[in-house]
Amino acid sequence: MNYGSTAFMLLVLAVAVLFAAVTALIAFGLARWEGAAVPAALSRSGIAFAAALTLSLAALTFLSR
């Protein structure tokens with residue numbers, strides 16, 4: 001399999017976004033369970049999404065070299 005193909009790169013990017021979305025949902029649920037208001041929980045969820053996506057893409061960039 002050609003790991004440099006466009007289809008493979010899009011698949012890897014989709015998996016990274018899915019992982020970040022699941023992380024954000026978990027962060028939102030934990031924040032609400034803790035008693036945070038919805039805007040605060042959304043803020044924590046957004047921060048978790050950005051952090052997870054950044055770390056996933058950094059790891060994938062490191063591994064692709």
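Start with the whole chain in view: the protein has a radius of gyration of 15 Å, whereas a compact globule of 65 residues would have one near 11 Å. That radius is taken over C-alpha atoms, and the globule rule is 2.2 Å times the number of residues to the power 0.38. Turn the C-alpha trace along its principal axes and you'll find it spans about 50 × 20 × 15 Å.

A word on what you're looking at. This is a predicted model, with local features needing pLDDT of at least 70 and side-chain atom pairs counting only at pLDDT 80 or more, while totals for chains, interfaces and linings use all residues. Residues are numbered from 1 along each chain as its sequence is written, and side-chain values use heavy atoms, leaving out hydrogens and water.

**Stop 1: the cartoon**

Switch to cartoon and you get two helices and zero strands. Helices here are DSSP runs of H or I with at least four residues, strands are E runs of at least two, and the numbering goes from the N terminus.

Select residues 6–34 for helix H1. H1 has 29 residues and reaches 42 Å from its first C-alpha to its last, close to the expected 42 Å at 1.5 Å a residue. The expected span is 1.5 Å times one less than the number of residues in the helix. Now select residues 38–64, which is helix H2. H2 has 27 residues and reaches 38 Å between its first and last C-alpha, close to the 39 Å expected at 1.5 Å a residue.

What follows H1? Click on Gly 35: its phi is positive, near 105 degrees.

**Stop 2: between the helices**

Buried residues make up 18% of the 65 residues. Buried means under 20% relative accessible area, exposed means over 50%, and partly exposed lies in between (1.4 Å probe, protein chains only).

On H1, select Ala 16, Ala 20, Ala 24, Ala 27 and Ala 31: these are its buried residues, and they pack against H2. On H2, pick Ala 41, Ser 45, Ala 48, Ala 52, Leu 53 and Ser 56, the buried residues of that helix, which pack against H1.

Zoom in on three of the H2 set, keeping in mind that contact means heavy atoms within 4.5 Å.

- Ser 45 has a relative accessible area of 11%, so it is buried. Leaving aside neighbours within four places in sequence, Ser 45 is in contact with Ala 24, Ala 27 and Phe 28.
- Leu 53, with neighbours within four places in sequence again set aside, is in contact with Ala 16, Val 17 and Ala 20. Draw a distance from the C-alpha of Leu 53 to that of Gly 35 and you'll get 26 Å, for residues 18 apart along the chain.
- Ser 56 counts as buried because its relative accessibility is 14%. Not counting residues up to four places away in sequence, Ser 56 touches Ala 16 and Phe 19.

For the whole protein, take the contacts with a separation of 6 or more: residues 24 or more positions apart account for 53% of them.

**Stop 3: the salt bridge**

How many salt bridges does the structure hold? There is one, and the term means a side-chain nitrogen of Lys or Arg within 4 Å of a carboxyl oxygen of Asp or Glu. Show sticks for Arg 44 and Glu 34, whose closest N and O atoms are 2.5 Å apart. The pair links distant parts of the chain, with Arg 44 in H2 and Glu 34 in H1, 10 residues apart. Side chains of opposite charge can pair when their charged atoms come close.

Is Glu 34 buried or exposed? With a relative accessible area of 58%, Glu 34 is exposed; Arg 44, at 41%, is partly exposed.

**Stop 4: the surface**

Turn on the surface: the accessible area comes to about 4900 Å², of which 77% belongs to carbon and sulfur atoms. Such areas come from the Shrake-Rupley method with a 1.4 Å probe, and for residues only the protein chains shown count as cover.

Now color Leu 10, Leu 13, Val 17, Leu 57 and Leu 60, a nonpolar patch with about 380 Å² of accessible area together. Patches take residues with over 30% relative accessible area and no salt bridge; like charges are joined within 9 Å, and nonpolar side chains (Val, Leu, Ile, Met, Phe, Trp, Tyr) within 5 Å. H1 and H2 each supply at least two residues of the patch, and H1 gives the largest share, three residues.

Finish on Leu 13, in helix H1: its relative accessible area is 38%, so Leu 13 is partly exposed.
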